[in-house]
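User: Please take a close look at the metal site of this model and describe how it is built. Once that is done, set it beside the other local features that can be described.

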Amino acid sequence: MSDCNTRIIAPSILAADWSRIRDEVTRTENAGADWLHLDVMDGHFVENVSFGPQFVAAVRPHAAIPLDAHLMMTHPDRYLDRFIDAGADRITVHVEADHDVGETLARIRAAGLGCGLALNPATPFEAVLPWLDRIDLLLVMTVVPGFGGQAFMEEETMPKVAAARAYREDHDLAWHIEVDGGIDQRTAVIAAAHGANVMVAGTALYGAPDMAQAILKMRGGSPGE
Ligand code: DX5
Ligand code: ZN
């Protein structure tokens, strides 16, 4: 289990070529990705619709790396068992969604998966305080969720990442801090400086001519390494 100071690169499959998903998963792993980030969108919690548990189950046999499912859903609790059965290794749900947050997090953990809590750019850090003693990951959204390719919202989100790191250290906790949206080699440096260690990136990695080099640079390695 990697610790919360290890840099983790989690490409978002939202930006992959879905017509060749098996090859894309293999390419992502071969390029050195640590996790595969799965952006599930229900068309209600966010404006867009992406994929569901069946897609996760289709990806599962082709991925040796952990599947990091991000449920951008209004009622994630209603679908939890299906994502667990589909083979997700970690499931993150939104604090803004319509569910019993504590109960959903407990169910994810009871199934043996890592549990994560996400908050949107407009949501204050204080909104997640009640659950910070029972998560494995905090996802600070760095765009308004729904679509890839948006601009990194530095002013609105980096103070929250810093507040999360401070809270974690003050309370002797050990969860990952993940950022998602507009993450590229430049913004990953900014997010890491504030305390994030898990970088979710779609456009910057699947749009790169050389994904392995792009991952290496996002990991903090030099291009020539
Ligand atoms: C929410 C999605 C996107 C995606 C990453 O809209 O979660 O943030 O993962 O998108 P990019 O990396 O293309 O900004
Ligand atoms: Zn995501």
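Analyst: The account below begins with the metal site and then turns to the pocket, the cysteines and several individual residues. The model is a predicted one.

The zinc ion (ligand 2) takes its protein donors from four residues: His37 through NE2, Asp39 through OD, His70 through ND1 and Asp180 through OD. These donors lie 1.9 to 2.1 Å from the zinc ion. Along the sequence, the donor residues follow the spacing H-x1-D-x30-H-x109-D. Two of these donor residues belong to strands: aspartate 39 is in strand E2, residues 36-41, and histidine 70 is in strand E3, residues 67-72. Because the two residues sit in these strands, the pair ties together parts that are 31 residues apart in sequence.

The geometry of the site is irregular, because the four donor atoms around the zinc ion (ligand 2) subtend angles of 94 to 144°. A tetrahedral assignment requires all angles to lie between 85 and 135 degrees, and the upper end of the range here is 144°. For reference, the ideal angle for four tetrahedral donors at a metal is 109.5 degrees.

The two strand residues of the site are also buried. Aspartate 39 has a relative accessible area of 3% and is buried, while histidine 70, at 0% relative accessibility, counts as buried.

The description now moves to the largest pocket. The space in it amounts to about 280 Å³. Lining the largest pocket are 24 residues, and the closest to its centre are Gly148, Gly149, Gly181, Gly182 and Gly202. Strand E2, strand E8 (198-201) and helix H7 (203-206) are the elements that each give two or more residues to this lining. Strand E2 is also the strand that holds the zinc donor residue aspartate 39. By residue class, the lining of the largest pocket consists of 13 nonpolar, nine polar and two charged residues.

The cysteines can be treated briefly. The count of disulfides comes to zero. For cysteine 4, the closest cysteine sulfur is that of cysteine 115, at 14 Å, which is too far for a bond. Seen from cysteine 115, the closest cysteine sulfur is in cysteine 4, again at 14 Å and too far for a bond. A disulfide would need the two sulfur atoms to be within 2.5 Å. Cysteine 4 counts as buried at 12% relative accessibility, and cysteine 115 counts as buried at 1%.

Three loop residues come next. Serine 12 is found in the loop between strand E1 (8-11) and helix H1 (21-30), where its relative accessibility of 3% makes it buried. Serine 12 and methionine 153 are 141 residues apart along the chain, and their C-alpha atoms are separated by 18 Å. Arginine 134 occupies the loop between strand E5 (114-119) and strand E6 (137-141). At 34% relative accessibility, arginine 134 counts as partly exposed. Its C-alpha atom is 9.1 Å from that of glycine 116, and arginine 134 and glycine 116 are 18 residues apart in sequence. Aspartate 172 lies in the loop between helix H5 (154-170) and strand E7 (176-180). This residue is exposed, with a relative accessible area of 72%. Although aspartate 172 is not a glycine, it has a positive phi of about 55°.

Two helical residues complete the account. Valine 59 lies in helix H2, residues 53-59, and is buried, with a relative accessible area of 2%. From valine 59 to glycine 195 the C-alpha atoms are 30 Å apart in space, and the two residues are 136 residues apart in sequence. Alanine 164 lies in helix H5 and is buried, with a relative accessible area of 0%. Alanine 164 and glycine 220 are 56 residues apart in sequence, and the distance between their C-alpha atoms is 22 Å.

How values were computed
Residues are numbered from 1 along each chain as its sequence is written. Chains are lettered from A and ligands numbered from 1 in the order in which they are written. This is a predicted model: local features need pLDDT of at least 70, side-chain atom pairs count only at pLDDT 80 or more; totals for chains, interfaces and linings use all residues. Side-chain values use heavy atoms; hydrogens and water are left out. Donors are N, O and S atoms within 2.8 Å of the metal (3.2 Å for Na, K and Ca); water is not among the atoms, so sites may look incomplete. Four donors count as tetrahedral if all angles lie between 85 and 135 degrees; four count as square planar and six as octahedral if opposite donors are over 155 degrees apart and all others between 65 and 115; anything else is irregular. Helices (H or I, at least four residues) and strands (E, at least two) are DSSP runs, numbered from the N terminus. Buried means under 20% relative accessible area, exposed over 50%, partly exposed in between (1.4 Å probe, protein chains only). On a 1 Å grid over the protein atoms alone, a cavity is a set of points where a 1.4 Å probe fits but cannot get out, and a pocket is an open set with protein on both sides within 12 Å along at least five of seven lines; lining residues have an atom within 4 Å of a point. Grid points are joined across faces, edges and corners, and a volume is the space filled by probe spheres set on the points. Ala, Val, Leu, Ile, Met, Phe, Trp, Tyr, Cys and Pro count as nonpolar, Asp, Glu, Lys and Arg as charged, and the others, Gly among them, as polar.
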